[in-house]
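This report is meant for a reader who is meeting the structure for the first time. Please look over the sequence and the model before reading on.

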Amino acid sequence: MAALDDATLDDLREALAEVEDKKPTQRLMAVINYLEEDSATMAEVAERYGYTGPWLSRWVGRLDRLADEPVEQVVYDDPREGRTAELSGERPVR
């Protein structure tokens, strides 16, 4: 079972109270849920949130940084260069 070495469940709950976006909320909830459920496997908990066991394992490790780093640096992804992933409401006429 993966566990947090430095951050605590209280750290995760505090971070959860600070985030507003869907993705960081799901990430934190999945890790909290996994750490609180002794009988559930990482894959089972990840599946509830639409992810895989390895995904959850990476997030347990990443969220351990909450003990030393600000929430914004840990739970949010860095901006990526390139085109946006979503289409705008307007499409060119062909």
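## Salt bridges

The model described here is predicted, and a convenient place to begin is the salt bridge that E69 forms with R65, in which the closest N and O atoms are 3.1 Å apart. Neither partner is buried: E69 counts as partly exposed at 28% relative accessibility, and R65 likewise counts as partly exposed, at 32%. Elsewhere, salt bridges with shared partners join D10, R13 and E36 into one network. The structure holds four salt bridges.

Within that network, R13 forms a salt bridge with D10, the closest N and O atoms being 3.5 Å apart, and because R13 and D10 are three residues apart in helix α1, which covers residues 9-18, about one helical turn separates them. R13 also forms a salt bridge with E36, where the closest N and O atoms are 2.1 Å apart. Since R13 lies in helix α1 and E36 in helix α2 (residues 22-36), this pair ties together parts that are 23 residues apart in sequence. The three members of the network are described in similar terms: R13 is partly exposed at 36% relative accessibility, D10 is partly exposed with a relative accessible area of 48%, and E36 is partly exposed with a relative accessible area of 44%.

## The nonpolar core

Which residues of the largest nonpolar core touch the most other members? Of the 24 residues in this core, they are L12, L28, V31, L56, L63 and L66. The elements that give two or more residues to the core are α1, α2, α3 (42-48), α4 (53-63) and α5, and among these α2 gives the most, with six residues. As a general background, nonpolar side chains in soluble globular proteins tend to be buried together.

L66 offers a view of the contacts made by one core residue, for, leaving aside its neighbours within four places in sequence, L66 is in contact with A7, D11, L12, A15, L28, V71 and V74. Two of the residues on that list, L12 and L28, are also named among the core members that touch the most others.

## The two sides of helix α4

Helix α4 has G53, W55, L56, W59, V60 and L63 as buried residues. Seen down the axis of α4, these buried residues fall within an arc of 155°, so they line one face of the helix. They pack against α1, α2, α3 and α5, whereas the face of α4 turned away from its buried side carries the exposed residues P54 and R58.

## Aromatic pairs

How many aromatic pairs are there? The count comes to two. In one of them, the rings of Y51 and W55 have their centres 3.8 Å apart and their planes at 10°, so this pair is stacked. Y51 is partly exposed, with a relative accessible area of 25%, while W55 counts as buried at 11% relative accessibility.

The rings of W55 and W59 have their centres 6.4 Å apart and their planes at 45°, so this pair is tilted. Both W55 and W59 are buried, and both lie in helix α4, four residues apart, which is about one turn of the helix. Taken together, the ring pairs link Y51, W55 and W59 into a cluster.

## Two polar residues in helices

Is N33 buried or exposed? N33, which is found in helix α2, counts as buried because its relative accessibility is 19% and the cut-off for buried is under 20%. Leaving aside its neighbours within four places in sequence, N33 is in contact with V45, R48 and Y49.

Q73 lies in helix α5, which covers residues 71-75, and is partly exposed, with a relative accessible area of 48%. Not counting residues up to four places away in sequence, Q73 touches R62 and R65, and R65 is also the salt-bridge partner of E69.

## Confidence of the prediction

The mean pLDDT of the protein is 84, and 86% of its residues reach 70 or more. Among the elements of the protein, α3 has the highest mean pLDDT, at 92, and α5 the lowest, at 85.

Conventions: Residues are numbered from 1 along each chain as its sequence is written. This is a predicted model: local features need pLDDT of at least 70, side-chain atom pairs count only at pLDDT 80 or more; totals for chains, interfaces and linings use all residues. Side-chain values use heavy atoms; hydrogens and water are left out. Buried means under 20% relative accessible area, exposed over 50%, partly exposed in between (1.4 Å probe, protein chains only). Contact means heavy atoms within 4.5 Å. A salt bridge is a side-chain nitrogen of Lys or Arg within 4 Å of a carboxyl oxygen of Asp or Glu. A nonpolar core is a set of buried Ala, Val, Leu, Ile, Met, Phe, Trp, Tyr and Cys residues joined through side-chain atoms within 4.5 Å. The arc is that of the directions from the helix axis to the C-beta atoms. pLDDT is the predictor's confidence in each residue, from 0 to 100. Rings of Phe, Tyr and Trp (its six-membered ring) pair if their centres lie within 6.5 Å; planes under 30 degrees apart count as stacked, over 60 as edge-to-face and the rest as tilted.
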